[in-house]
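Okay, thanks for squeezing me in. Let me put the structure up, and then I'll walk through a few spots in it.

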Amino acid sequence: MNKNSSNIMALAPNTSKKRETVCIFGTGDFGRALGHKLIQSGYPVVFGSRSTQTSSLIPKDAEVLSHAEAAQKAAIIIIAIQRQHYNFLTPLAEILHGKVLVDISNNLKINQYPESNAEYLAQLVPGAKVVKAFNTVSAWALQSGTLDASRQVFVCGDDMEAKQMVMDTVRALGLTPLDQGSLLAAQEIENYPLQLFPMWKFPMLLSLGLIAFFFFYCLIRDVIYPYVYENKDYSFFIAISITNRICPILALILLALVYLPGVFAAIIQLYRGTKYRRFPDWLDKWMLCRKQLGLVALAFASLHVLYTLVIPIRSFVRWRISSQIVSQALNNKTEPLDTTNAWLSDSYLALGILGFFLFVLLGITSLPSVSNNVNWREFRFVQSKLGYLTLVLCTAHTMVYGGKWFLSPSSYRWYLPSAYMLSLIIPCTVLVVKFVLIFPCLDKPLTRIRQGWERNPQYSE
Amino acid sequence: MNKNSSNIMALAPNTSKKRETVCIFGTGDFGRALGHKLIQSGYPVVFGSRSTQTSSLIPKDAEVLSHAEAAQKAAIIIIAIQRQHYNFLTPLAEILHGKVLVDISNNLKINQYPESNAEYLAQLVPGAKVVKAFNTVSAWALQSGTLDASRQVFVCGDDMEAKQMVMDTVRALGLTPLDQGSLLAAQEIENYPLQLFPMWKFPMLLSLGLIAFFFFYCLIRDVIYPYVYENKDYSFFIAISITNRICPILALILLALVYLPGVFAAIIQLYRGTKYRRFPDWLDKWMLCRKQLGLVALAFASLHVLYTLVIPIRSFVRWRISSQIVSQALNNKTEPLDTTNAWLSDSYLALGILGFFLFVLLGITSLPSVSNNVNWREFRFVQSKLGYLTLVLCTAHTMVYGGKWFLSPSSYRWYLPSAYMLSLIIPCTVLVVKFVLIFPCLDKPLTRIRQGWERNPQYSE
Amino acid sequence: MNKNSSNIMALAPNTSKKRETVCIFGTGDFGRALGHKLIQSGYPVVFGSRSTQTSSLIPKDAEVLSHAEAAQKAAIIIIAIQRQHYNFLTPLAEILHGKVLVDISNNLKINQYPESNAEYLAQLVPGAKVVKAFNTVSAWALQSGTLDASRQVFVCGDDMEAKQMVMDTVRALGLTPLDQGSLLAAQEIENYPLQLFPMWKFPMLLSLGLIAFFFFYCLIRDVIYPYVYENKDYSFFIAISITNRICPILALILLALVYLPGVFAAIIQLYRGTKYRRFPDWLDKWMLCRKQLGLVALAFASLHVLYTLVIPIRSFVRWRISSQIVSQALNNKTEPLDTTNAWLSDSYLALGILGFFLFVLLGITSLPSVSNNVNWREFRFVQSKLGYLTLVLCTAHTMVYGGKWFLSPSSYRWYLPSAYMLSLIIPCTVLVVKFVLIFPCLDKPLTRIRQGWERNPQYSE
């Protein structure tokens, strides 16, 4: 069996003719892995270490010298040492003067220190040109070559030339350097590998809150109410029936919440008469996590589809249908076809299918490799036009679901309306306001404002 | 909550040591956004404007000068002005001589002017080196940093050196420059952001036509016919039954149309005995939109799957089944299991599932990020071998669907055969011709022709 | 209709001011296609050919000269000739001295020759700088511009400067060069376009073996056994029932096999007390194809979902249900709701849905464009935490499926347990061992070992 091409392609030692020596301070895991990779890519490598005796783990073709000796041999020095030990560099300040120091360190917590490790390094060795890089790459991935996660290396630094040298090295290793600007960016770059889906936190917390609320709401209406009044044990509804009530409700609410901030923004811009004032902070943050909100909504919609399609296989449903039929047969009566009912049931299902289909299309378009291949006009067409169509279809699906009993008083239990009715509040609001905003008397000034026109130009001072 | 890393990474002003001043003509939305971004990336920025008084909207660190003064300070001048006002540049021709003028303008319509804006600019200022760039980037995206859509910047220009300078600037802003050749490409580049899925137009129009045809066809057979002869109101069939008849038909026809041009091409090459003559234009165009045809077919197939899985939940289907059972019970009769029927029903479903599964695989492989990771042999294996297997499975699925009644005269209504039978015409033709082409007596010469062999070499003159 | 932007963007001849002449030896298909593309990108092109008479197929703007004359005009010479004819280059050795020879050849079989074509070329013309490139690009794709498959061009060579020149040319053609190191890599690069999903071979063969085993196992239990003892013909079970038994079994076993090597690795590391010794070769290979194993498992899980959702539409199932109901009606008896059964059925379905949902999430995260946008912590969180959760849910799903009859002796036929019970062996083993490994007494030393600690440091010699 052939191995993965990307990690096999032979990389030869000793063949480089022009590459400059790179020095690595520290012979730990990451230092060694980086050394290996550099040698494979044709760079002569010198390790700077306290103990200069070569261990079997250090790449064969690398020299191991004292820190001072090693530093003198190279223009680029990679500091593969933990921040706590940086102060050993202070006595070397003179040798390091003018050298490019590459800080590759990470912290254990977000914002662990007041300043970033790279800035701290720059303070310790003021004469050196500090560049932050490589901290997002894993030692294991470097060695094994299975760079499944990011090949991107964020690079920042105050000296353009030093940064360029480091970026060339990154590129020579087969990785993708991304210039992030000056050393001020180091804090963000150091926090990056510690993040765990920061943009997903708000949608997730919101979903959890809504799930908890609607779970107890449905539990009361669908399990406790029949237990109290009819003494029936429907506790097994928790597994599927109630879940399949929560999922579509959350999908619809979250989808509406994707389009709500846009409506707010339009109202604010209309009210202010200019687009040149910043939105309130909460609105800005909300707008930035719309994609995540939409994807969580899509996840709930997908679950809803699966839970719905599984209905006819449920043993409870089979039992209910067969006992209905048996009682019909015993009572010797055949029901005629209720055409209205057939219409309602079929159009309810058709609306749901079309809504879900468009929703999945939206999801596919938000894949990075797809959205990179469309222009802005196409992106906006999909995310705005198709998005609103999806919202309309899903809202209609929910309304027709209620069918004849929609808003009928008999569906109240303990004065609580059906859960799906609560889920309609936000989507209907969004759709009504959006509908109003489409009217030319509002749409025209809004378009002009968005093209840069200002009602009271003094605002822009 | 942390914000999106890509738009947060601090970018420092005033830290650049080597970057050259960039001049921007025009202080409109896009000019300011680009200026901001340039300053963040370490470029000194000078605005050239009619009124040199600084507005609060212009980035703080930028100077605002008259056009002439600003132009003298920089080698690169970005023209952030609409085409109608370009003529103000004529008096500046002397100052602009030898400068790199970057045309970033867009039009409102495709091919609005006889020549592209960039070429017009080059005519107005003959001494300058005009480069087209940045027109596909949105001002809003530049400012907010949420480059969800393309980071690609198409660049073209006649002067290699000027183009290289602009491409370096693009890269420094974190965007991806794509060299599109000489200034002749400007027209295409200016049309690009105005396009709305141009490659999808033909598949979409074709689908709409086919939908309309098959909708009325099915309406006549399934709703009007029973209404006329049996006086039954099946109008609710429109919502699901008829849709679920149209979707699979379109999926099958469109899938066959993906492979039909390949068959045509093979026949033409065999007939001509050479591969060095161009195909007719319609065939070329058809071959270029095969991917889109296939994806539209996949969309219809997915809808068909959803519509089919929803069948047992439909209230009409439940009513029909329960009335059948009740009548059985009342008649005191139990039907035995019809094994042939079970075989037909099960193999029909199994063929459909396998066909759909392979179809989805084909769809996944056509995602840009997946197809970029396979070599040509693998790509051709999936798109050709697996593609034909999909077509075979789906055609067989449709044939077995007919089951015992396939081609039986009783299924004709008003002399109209079932709609699914019409859908089999093209796929069967494609499969039969392809089957013939596989025979060695045709496959061998075809392979040789495709490797460059010519039957009558004089053709190639 | 507008054509695909990528292959239309006009590329102008004669406008280059700085590009250096490129020479191409050989006027075959690929040579001409490359010549065309080079001219479009502004390179002057000279063809070296035995017969210097221009054919209509050769790009107009290219010169055709004898090999010796052509070679003298350019620094880069592309050898678009088959390996068998390389020896004609020997007499030209003097002229080719110091030139960059680009070997673009491919073989017909993997490892066809003892040394790669590029190394053979380097031996023939020792004074030239040989660079391997372009062999992964198809002539047809170059001409038509529809680079659906890879735009990546693997480049390798011993001379840094020569390699850099070739990589710049590759970039100018709009392709992505990937430096693969020295000429030793040429063998791998030449094998690459001949590969057909090498990483998928093991998962595929394993699946086929398991499918065969479980097919006959189920055939014996579900078709032959009832035929022998009850004389019933259930042969139609092959189409759906048995397939739908094999699919979930394979999905579960393959998913468990994704996590088994990790468990092995942990045990080996704990036993050895160090992470610095290589794993056995089979474990290394196994770990490298975990992604493929997981995706094959996901494919089987998806098929299982489709086969399951289709159950209520099967004519056999409809017959069975209706005959049950009819016999109930005839016997005048209504069964009460069995709550335990309802619980088991519903939670079995709910576990399956959630497991499948997480499984699909894992699949989406393994798409290259998605995994490139997450950091290592996020990637590990998804692939490890969510992966184990998926395995737990799917295993529980299978156990609850057995329900009350799980491990009951009545479910044995010819002493063979139900097939699903066999499928539980590996997942349960993995989960139990993983559960043991989570205990602090094992987890703590393991974590330390993975951070570089060694129990017996002498091992690392």
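So, T398(A): buried or exposed? T398(A) is buried, because its relative accessible area comes out at 11%, and the cut-off for buried is under 20%. Before I go on, keep in mind that this is a predicted model. T398(A) sits in helix α15 of chain A, which covers residues 376-402. Who does T398(A) touch, once you leave aside its neighbours within four places in sequence? The contacts of T398(A) are L252(A), Y420(A), S423(A) and L424(A).

Now hop over to chain B for another buried residue. P427(B) belongs to helix α17 of chain B, residues 425-438. Its relative accessible area is 0%, so P427(B) counts as buried. If you again skip the neighbours within four places in sequence, P427(B) is in contact with L252(B), A256(B), L391(B) and T395(B). Take T395(B) from that list: P427(B) and T395(B) are 32 residues apart in sequence, and their C-alpha atoms are 6.7 Å apart in space.

Staying in chain B, let's look at a helix pair. Helix α11(B), residues 290-309, packs against helix α13(B), residues 339-365, at an angle of about 140 degrees, and the axes are 10 Å apart. At that angle, α11(B) and α13(B) are therefore oblique to each other. The handedness of the crossing, as α11(B) passes α13(B), is left-handed. Which residues make the contact? On the α11(B) side we have G294(B), L295(B), A297(B), L298(B), A301(B), S302(B) and V305(B). On the α13(B) side, the contact comes from F356(B), F359(B), V360(B) and G363(B).

Okay, on to the sheet, still in chain B. There are 8 strands in an open sheet, with mixed pairing, and the order in chain B is β3-β2-β1-β4-β5-β6-β7-β8. Which strands stand at the edges? In chain B that's β3, residues 63-65, and β8; each has a single partner strand, so one side of each is left without a neighbour in the sheet. From one strand to the next, the twist averages 30 degrees.

Let's zoom in on the β8(B) edge. β7(B), residues 152-157, and β8(B), residues 176-179, are parallel and share 4 bridges. If you want a residue to click on, F154(B) has L178(B) as its bridge partner in β8(B). Put helix α6(B), residues 160-172, together with β7(B) and β8(B), and you get a right-handed β-α-β unit.

Further along in the sheet, β4(B), residues 76-79, and β5(B), residues 100-103, run parallel and are joined by 4 bridges. There, I76(B) has V100(B) as its bridge partner in β5(B). As for helices on this sheet, α4(B), residues 117-124, packs on it and touches β4, β5 and β6 (129-132) of chain B. The direction of α4(B) makes about 170 degrees with that of β6(B). Then there's α1(B), residues 29-40, which lies across β1 (22-25), β2 (45-48) and β4 of chain B and runs at about 165 degrees to β2(B).

Back to chain A for one strand in particular, β1(A), residues 22-25. What covers the story here is burial on both faces: V22(A) and I24(A) on one side, C23(A) and F25(A) on the other, are all buried. On one flank, β1(A) runs parallel to β4(A), residues 76-79, with 4 bridges joining them. β1(A) also has 4 bridges to β2(A), residues 45-48, and that pair is parallel too. I24(A) shows up in both pairings: I24(A) stands opposite I78(A) in β4(A), and its bridge partner in β2(A) is F47(A). Add helix α1(A), residues 29-40, and β1(A), α1(A) and β2(A) make a right-handed β-α-β unit.

Last stop, chain C. Its open sheet of 8 strands has the order β3-β2-β1-β4-β5-β6-β7-β8, with mixed pairing. The edges in chain C are β3 (63-65) and β8 (176-179), each with a single partner strand, so one side of each has no neighbour in the sheet. Inside the sheet, β1(C), residues 22-25, and β4(C), residues 76-79, are parallel over 4 bridges, and F25(C) stands opposite I79(C) in β4(C). Okay, that's my tour.

Methods: Residues numbered from 1 in each chain as written. Chains lettered and ligands numbered in written order. Predicted model: local features only at pLDDT ≥ 70, side-chain atom pairs only at ≥ 80, totals over all residues. Heavy atoms only, no water. Buried < 20%, exposed > 50% of the residue type's maximum accessible area, 1.4 Å probe, protein only. Helix = DSSP H or I, 4+ residues; strand = E, 2+ residues; numbered from the N terminus. Pairing = 2+ DSSP bridges. Right-handed = clockwise from strand over helix to strand, strands pointing away. Axes fitted to C-alpha atoms, helices over the stretch in contact; angles between N-to-C directions. Parallel < 35°, antiparallel > 145°, perpendicular 65-115°, else oblique. Left-handed = near helix turned anticlockwise from the far one by under 90°. Contact = heavy atoms within 4.5 Å.
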